[in-house]
Amino acid sequence: MTYVSFPDTRKMDFTAIGRLCIDLNANEINRPMEETMTFTKYVGGSPANITIGMSRLGMETAFIGKIANDQMGRFINSYLERNGIDTSNVVTDDTGAVTGLAFTEIKSPTDCSILMYRDHVADLLLQSREVQEQLIADSKVLLISGTALAKSPSREAVFQALAYAKKHGTIIVFDLDYRPYTWTSAEETAVYYNLAAEKCDIILGTREEFDMMETFDHNPDHSDQVTAQKWFDFSAKIVIIKHGKEGSIAYTGEGLSHQADSYPARVVKTFGAGDSYAAGFLYGLMQGWTIERSMAFGSAAASIVISSHSCSDAMPTVEQVNDYIERCNRGEITVS
Ligand SMILES: Nc1ncnc2c1ncn2[C@@H]1O[C@H](COP(=O)(O)OP(=O)(O)O)[C@@H](O)[C@H]1O
Ligand SMILES: O=C(O)C[C@@H](O)[C@H](O)C(=O)COP(=O)(O)O
């Protein structure tokens with residue numbers, strides 16, 4: 001059964017809007033940040049990671065964002081271009097803003113955290129008039145991510161992109177990607193997340209992220225079913241709630257639910273799971289696969305990325321994901 005009909009005559013498969021940042025991942029792992037001396041630099045930012053993932057999977061991709069006018073900004077731009085991502089709507093800041101940094105702490109495979117440096121970052125300065133309507137009209141999918149809603153003018157830019165997507169029938173995906181830093185209150189966060197989610201066809205988030213959105217709702221048992229049901233009265237066709245190692249559950253407007261287990265992984269660090277899952281799942285759905293097969297493909301992609309040092313650079317190809325699934329099926333990867 002087809003739950004989402006993607007427009008079929010568009011030159012761009014997938015366009016994302018939001019932050020382009022730098023991840024600095026600890027080289028000396030299994031210790032606190034205080035004792036970490038060296039880091040490896042990668043392109044980061046959840047929507048950037050997902051776009052890189054989609055590109056690795058062979059999709060035509062583009063990005064809408066703003067980079068700093070410095071070495072970090074140029075590093076990001078050239079990495080995107082080397083990965084075949086259209087950067088014609090990546091604009092350069094001219095106000096002296098900086099690139100957001102995410103230092104990752106890997107204390108153990110299950111105890112990871114991120115230290116964000118996000119004061120005066122370029123990505124939150126994207127303006128609505130800088131969003132190219134034609135690019136969105138030419139795309140099958142527009143992905144938004146919640147962090148870009150945290151501040152103006154990036155907030156308005158995302159809503160403008162949503163308006164263009166609605167106008168042109170572009171399928172809208174919302175990766176909640178809630179990062180408390182840069183939001184000022186629980187009320188502000190919930191209001192803007194809810195306003196954006198009303199317009200989206202596919203919504204992906206963790207249980208904790210949906211809990212944040214339900215600040216004004218009645219869902220005392222944190223029921224996934226109750227969470228999902230709310231969005232089918234708006235635009236949603238699929239709502240996915242992710243539960244880390246426990247797997248994920250997808251709901252569709254017909255009242256059906258689909259459960260996916262996680263794949264085994266030799267976990268190096270847990271971040272990057274959600275971004276690779278999103279890329280794998282969306283890729284599958286755009287191939288016309290069932291929701292279950294798409295979720296399994298996303299889950300396997302996630303296991304590959306959390307078994308690696310980076311998020312963006314470790315995004316797998318189709319062959320790598322299929323090979324991983326086969327190796328798991330043969331019992332060759334059992335550590336979880
Ligand atoms: N420890 C783990 N082992 C195996 N797979 C995992 C693990 N953590 C996450 N995953 C996979 O990644 C998916 C998304 O992870 P999750 O942690 O829920 O999202 P996020 O990274 O956005 O917080 C899960 O549904 C699961 O398939
Ligand atoms: O999103 C960021 O700014 C940091 C990411 O690049 C980072 O690697 C990460 O946290 C990935 O997020 P996840 O996939 O939700 O775990």
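Here is a friendly conversation about a predicted model of a protein chain.

Colleague: Before we start, what should I know about this model and its numbering?

Modeller: This is a predicted model, where local features need pLDDT of at least 70, side-chain atom pairs count only at pLDDT 80 or more, and totals for chains, interfaces and linings use all residues. Residues are numbered from 1 along each chain as its sequence is written, chains are lettered from A and ligands numbered from 1 in the order in which they are written, and side-chain values use heavy atoms, leaving out hydrogens and water.

Colleague: How many helices and strands does the protein chain have?

Modeller: Helices (H or I, at least four residues) and strands (E, at least two) are DSSP runs, numbered from the N terminus. Counted that way, the protein chain has 10 helices and 13 strands.

Colleague: Why is the protein chain called as compact as a globular protein of that length?

Modeller: The radius of gyration is taken over C-alpha atoms, and the globule rule is 2.2 Å times the number of residues to the power 0.38. For 336 residues that rule gives 20 Å, and the protein chain is close to it, so it is as compact as a globular protein of that length, with a radius of gyration of 19 Å.

Colleague: What share of the residues is buried?

Modeller: Buried means under 20% relative accessible area, exposed over 50%, and partly exposed in between (1.4 Å probe, protein chains only). Of the 336 residues in the protein chain, the buried share is 58%.

Colleague: Among contacts between residues at least 6 apart in sequence, what share joins residues at least 24 apart?

Modeller: A contact here means heavy atoms within 4.5 Å. Among contacts in the protein chain between residues at least 6 apart in sequence, the share that joins residues at least 24 apart is 71%.

Colleague: What geometry do the rings of phenylalanine 39 and phenylalanine 103 adopt?

Modeller: Rings of Phe, Tyr and Trp (its six-membered ring) pair if their centres lie within 6.5 Å; planes under 30 degrees apart count as stacked, over 60 as edge-to-face and the rest as tilted. A search of the whole structure finds 10 aromatic pairs. In the pair of phenylalanine 39 and phenylalanine 103, the centres are 5.3 Å apart and the planes are at 80°, so the pair is edge-to-face.

Colleague: Which strands does that pair of phenylalanine 39 and phenylalanine 103 tie together?

Modeller: Phenylalanine 39 is partly exposed at 26% relative accessible area, whereas phenylalanine 103 is buried at 17%. The pair ties together parts that are 64 residues apart in sequence, because the two rings lie in strand E3 (residues 39-44) and strand E6 (residues 101-108).

Colleague: And how are the rings of tyrosine 277 and phenylalanine 281 arranged?

Modeller: Both tyrosine 277 and phenylalanine 281 are buried. They are 4 residues apart in helix H8 (residues 273-286), which means they are separated by about one helical turn. Their ring centres are 6.3 Å apart and their planes are at 10°, so the pair is stacked.

Colleague: Which residues form one aromatic cluster?

Modeller: Aromatic rings also gather in a cluster in this model. Its members are Phe174, Tyr178, Trp183 and Tyr193.

Colleague: Which residues does aspartate 313 touch, leaving out those up to four places away in sequence?

Modeller: Aspartate 313 sits in the loop between helix H9 (291-306) and helix H10 (318-329), and at 41% relative accessibility it is partly exposed. Aspartate 313 and arginine 56 are 257 residues apart in sequence, yet their C-alpha atoms are 9.6 Å apart in space. Not counting residues up to four places away, aspartate 313 touches Tyr42, Arg56 and Tyr79.

Colleague: What does threonine 206 touch, with the same residues left out?

Modeller: Threonine 206 belongs to strand E10 (residues 202-206) and is partly exposed at 21% relative accessibility. Its C-alpha atom is 7.9 Å from that of glycine 244, 38 residues apart along the chain. Not counting residues up to four places away in sequence, threonine 206 touches Ile241 and Lys242.

Colleague: Where does the proline of the cis peptide bond from serine 152 lie?

Modeller: The peptide bond from serine 152 to proline 153 is cis, with omega near 5°. Proline 153 lies in the loop between strand E8 (139-145) and helix H4 (154-168).
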